[in-house]
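Student: I would like to learn how to read a structure feature by feature. Could we go through one together?
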Amino acid sequence: MRKSDPKVWAVRWLMAGVVMALLGCQSAPPPTLDARAQKVAALRKLGFTHAADAWELKLGVKLLFESNADEVSEEGRAALAEVAHTLTSVGVDRVIVEGHTDNVGSAKFNEALSLRRAESVAQHLMQAGMNAAGIERRGLGFDKPIADNATPEGRAQNRRVVVTVRAD
């Protein structure tokens, strides 16, 4: 058996070191299919629907606001606690909370009211365990109605909050 040139061994050790360094720099692998499937199942169970590049939960049915109000009802608080616990249990740590209003009053007033509604919902999500830094709040006023503002029923449906989770 013949001895190898020391330069060859040095190059081999150098290459091994480079390979090990590169392996250490790799990013974490994407979530497994099982983790994604669990996340999707949890979102669907809560009532989220897939829309474009996100999952949306329209809390209107569970979380309608009275006219000119931003307080979350008892039923709404329970729903938000369930949402927060489920989302954190499947690794969701970032959400967007959008507040909406009916068209009664000025645009400026309704933008402020819708932001207060989003903030109120965000506060309840945080009380249930979500990280404040992961909750983006938006007040959209009356710009995106889901029902006709010409009727009391339609206006009630428009006084809502939507929670959005980005799709991975």
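Student: How many helices and strands does the secondary structure of the chain come to?

Tutor: Bear in mind that this is a predicted model. The chain has five helices and five strands. Read from the N terminus, the elements follow the order α-α-β-β-α-β-α-β-α-β.

Student: What share of the residues in the chain is buried?

Tutor: Of the 168 residues, 33% are buried. As for contacts, take those with a separation of 6 or more: 72% of them join residues 24 or more positions apart.

Student: How are two packed helices described?

Tutor: The general idea is to give the angle between the two axes and the distance between the axes. In this structure, take helix 3 (residues 74-89) and helix 4 (residues 107-127), which pack at about 55° with their axes 8 Å apart. That angle makes helix 3 oblique to helix 4. The crossing of the two helices is right-handed.

Student: Which residues make the contact between helix 3 and helix 4?

Tutor: Helix 3 contributes Arg77, Leu80, Val83 and Ala84, and helix 4 contributes Val121, His124 and Leu125. Sorted by class, the contact has five nonpolar residues, one polar and one charged.

Student: Now the charged side chains. When can side chains of opposite charge pair?

Tutor: They can pair when their charged atoms come close. A search of the whole structure finds six salt bridges here. One of them joins the side chains of Glu98 and Arg138, at 3.3 Å from N to O.

Student: Which parts of the chain does the pair of Glu98 and Arg138 tie together?

Tutor: Glu98 is in strand 3 (residues 95-99) and Arg138 is in strand 4 (residues 135-139), so the salt bridge ties together parts that lie 40 residues apart in sequence. Glu98 is buried, because its relative accessible area is 11% and the cut-off for buried is under 20%. Arg138, with a relative accessible area of 29%, is partly exposed. Glu98 and Arg138 also belong to a network of salt bridges that includes Glu136.

Student: Which residue does Arg159 meet in a salt bridge?

Tutor: The side chain of Arg159 meets that of Asp102, at 2.8 Å from N to O. Arg159 lies in the loop between helix 5 (152-158) and strand 5 (161-166), and Asp102 in the loop between strand 3 and helix 4, so this pair ties together parts that are 57 residues apart in sequence. Both Arg159 and Asp102 are buried.

Student: How far apart are the closest N and O atoms of Arg137 and Glu119?

Tutor: They are 2.7 Å apart, and the two residues form a salt bridge. Arg137 lies in strand 4 and Glu119 in helix 4, so the pair ties together parts that are 18 residues apart in sequence. Arg137 is partly exposed at 26% relative accessibility. Glu119 is partly exposed too, with a relative accessible area of 29%.

Student: Let us finish with a single loop residue. Where is the place of Ala147, and is Ala147 buried or exposed?

Tutor: Ala147 sits in the loop between strand 4 and helix 5. Its relative accessibility is 18%, so Ala147 counts as buried.

Student: Which residues does Ala147 touch, not counting those up to four places away in sequence?

Tutor: With those neighbours left out, Ala147 touches Gly154, Gln157 and Asn158. Take Gln157: Ala147 and Gln157 are ten residues apart in sequence, and their C-alpha atoms are 6.3 Å apart in space.

Note on methods: Residues are numbered from 1 along each chain as its sequence is written. This is a predicted model: local features need pLDDT of at least 70, side-chain atom pairs count only at pLDDT 80 or more; totals for chains, interfaces and linings use all residues. Side-chain values use heavy atoms; hydrogens and water are left out. Axes are lines fitted to C-alpha atoms, for helices over the stretch in contact, and angles run from 0 to 180 degrees between N-to-C directions. Helices (H or I, at least four residues) and strands (E, at least two) are DSSP runs, numbered from the N terminus. Angles under 35 degrees count as roughly parallel, over 145 as roughly antiparallel, 65 to 115 as roughly perpendicular and the rest as oblique. A crossing is left-handed if the near helix is turned anticlockwise from the far one by less than a right angle, and right-handed if clockwise. Contact means heavy atoms within 4.5 Å. Ala, Val, Leu, Ile, Met, Phe, Trp, Tyr, Cys and Pro count as nonpolar, Asp, Glu, Lys and Arg as charged, and the others, Gly among them, as polar. A salt bridge is a side-chain nitrogen of Lys or Arg within 4 Å of a carboxyl oxygen of Asp or Glu. Buried means under 20% relative accessible area, exposed over 50%, partly exposed in between (1.4 Å probe, protein chains only).
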